[in-house]
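The following questions and answers go through side-chain contacts, burial and pairing, one topic at a time.

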Amino acid sequence: MVEFQERRKGPRYLVEWHGLPHAQFARQVHTVSCDVCEISRGGARLRCAGLLAGSRHLVADGPDPLQLEVMLPIGLLTLPLACRWYDYSAETGLFVLGVAFTGGSATDLALLNEVLRQLGHL
């Protein structure tokens with residue numbers, strides 16, 4: 001048996017936010033509804049009812065770019081991301097998607113840092 005090895009660089013916080021991943025394929029942008037259930041400085045875990053953005057697969061078809069938009073009480077957070085893994089939960093009937101943040105504007109990164117600071121002090 002292979003022993004589990006933690007590779008996260010920072011803490012991950014449990015949240016219950018509604019998110020909108022926007023996937024662009026060629027010149028068409030499709031939006032998928034999801035729930036953000038965990039967040040960290042480097043990425044997030046999303047729950048989605050499906051992984052189709054229009055007729056394209058959110059992970060397998062590799063949209064360029066893929067952005068997550070979350071409206072928070074302190075502002076709109078928009079971050080580019082890359083899908084790292086996904087799984088289907090038969091228990092909930094939802095897909096669970098692990099994503100990594102791949103950049104972002106100075107404003108969005110500052111907003112993310114502020115949100116994480118607030119979550120760490122709750």
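Q: Which residues does D108 touch, not counting residues up to four places away in sequence?
A: In this predicted model, D108 lies in helix α1, and with a relative accessibility of 12% it counts as buried. Leaving aside residues up to four places away in sequence, the contacts of D108 are with L76, L77, T78 and L79.

Q: How far apart in space are D108 and W17, C-alpha to C-alpha?
A: W17 has its own set of contacts beyond four places in sequence, among them C34, V36, V115 and L119. Along the sequence, D108 and W17 are 91 residues apart, while the C-alpha to C-alpha separation in space is 16 Å.

Q: Which element supplies the largest share of the largest nonpolar core?
A: The largest nonpolar core has 29 residues, and W17, V36, I39, L46, L58, L68 and F101 are those with the most contacts inside it. At least two residues of this core come from each of β1, β3, β4, β7, β8, β9 and α1. In soluble globular proteins, nonpolar side chains tend to be buried together. The largest share of this core, 5 residues, is supplied by α1.

Q: How many disulfides does a search of the whole structure find?
A: The closest cysteine sulfur to that of C37 belongs to C34 and is 8.9 Å away, which is too far for a bond. C48 is in no disulfide either, since its nearest cysteine sulfur, that of C34, is 4.7 Å away, whereas a disulfide requires the sulfur atoms to lie within 2.5 Å. For the whole structure, the search finds a number of disulfides equal to 0.

Q: Is C48 buried or exposed?
A: A residue counts as buried when its relative accessible area is under 20%. C37, at 10% relative accessibility, counts as buried, and C48, with a relative accessibility of 0%, also counts as buried.

Q: Which residue forms a salt bridge with R12?
A: R12 is partly exposed at 26% relative accessibility, whereas its partner is buried, with a relative accessible area of 15%. The partner lies in strand β3 while R12 lies in the segment before β1, so the pair ties together parts that are 26 residues apart in sequence. With the closest N and O atoms 3.2 Å apart, the salt-bridge partner of R12 is E38.

Q: How far apart are the closest N and O atoms of R117 and E114?
A: R117 and E114 are 3 residues apart in helix α1 and are therefore separated by about one helical turn. R117 is partly exposed at 43%, and E114 likewise counts as partly exposed at 27% relative accessibility. In their salt bridge, the distance between the closest N and O atoms is 2.7 Å.

Q: Which residues do salt bridges that share partners join into one network?
A: R45, which is partly exposed with a relative accessible area of 22%, forms a salt bridge with E38 at a closest N to O distance of 3.6 Å. E38 also forms a salt bridge with R12, so the bridges share a partner and the network consists of R12, E38 and R45.

Q: Which residues form one aromatic cluster?
A: The search of the whole structure finds 2 aromatic pairs. In the pair of Y86 and F95, the ring centres are 6.5 Å apart and the planes stand at 55°, so the pair is tilted. Y86, at 41% relative accessibility, counts as partly exposed, and F95, at 22%, counts as partly exposed as well. The one aromatic cluster is formed by Y86, Y88 and F95.

Notes. Residues numbered from 1 in each chain as written. Predicted model: local features only at pLDDT ≥ 70, side-chain atom pairs only at ≥ 80, totals over all residues. Heavy atoms only, no water. Phe/Tyr/Trp six-rings, centres within 6.5 Å; stacked < 30°, edge-to-face > 60°. Buried < 20%, exposed > 50% of the residue type's maximum accessible area, 1.4 Å probe, protein only. Core = buried A, V, L, I, M, F, W, Y, C linked by side-chain atoms within 4.5 Å. Helix = DSSP H or I, 4+ residues; strand = E, 2+ residues; numbered from the N terminus. Contact = heavy atoms within 4.5 Å. Salt bridge = Lys/Arg side-chain N within 4 Å of Asp/Glu carboxyl O.
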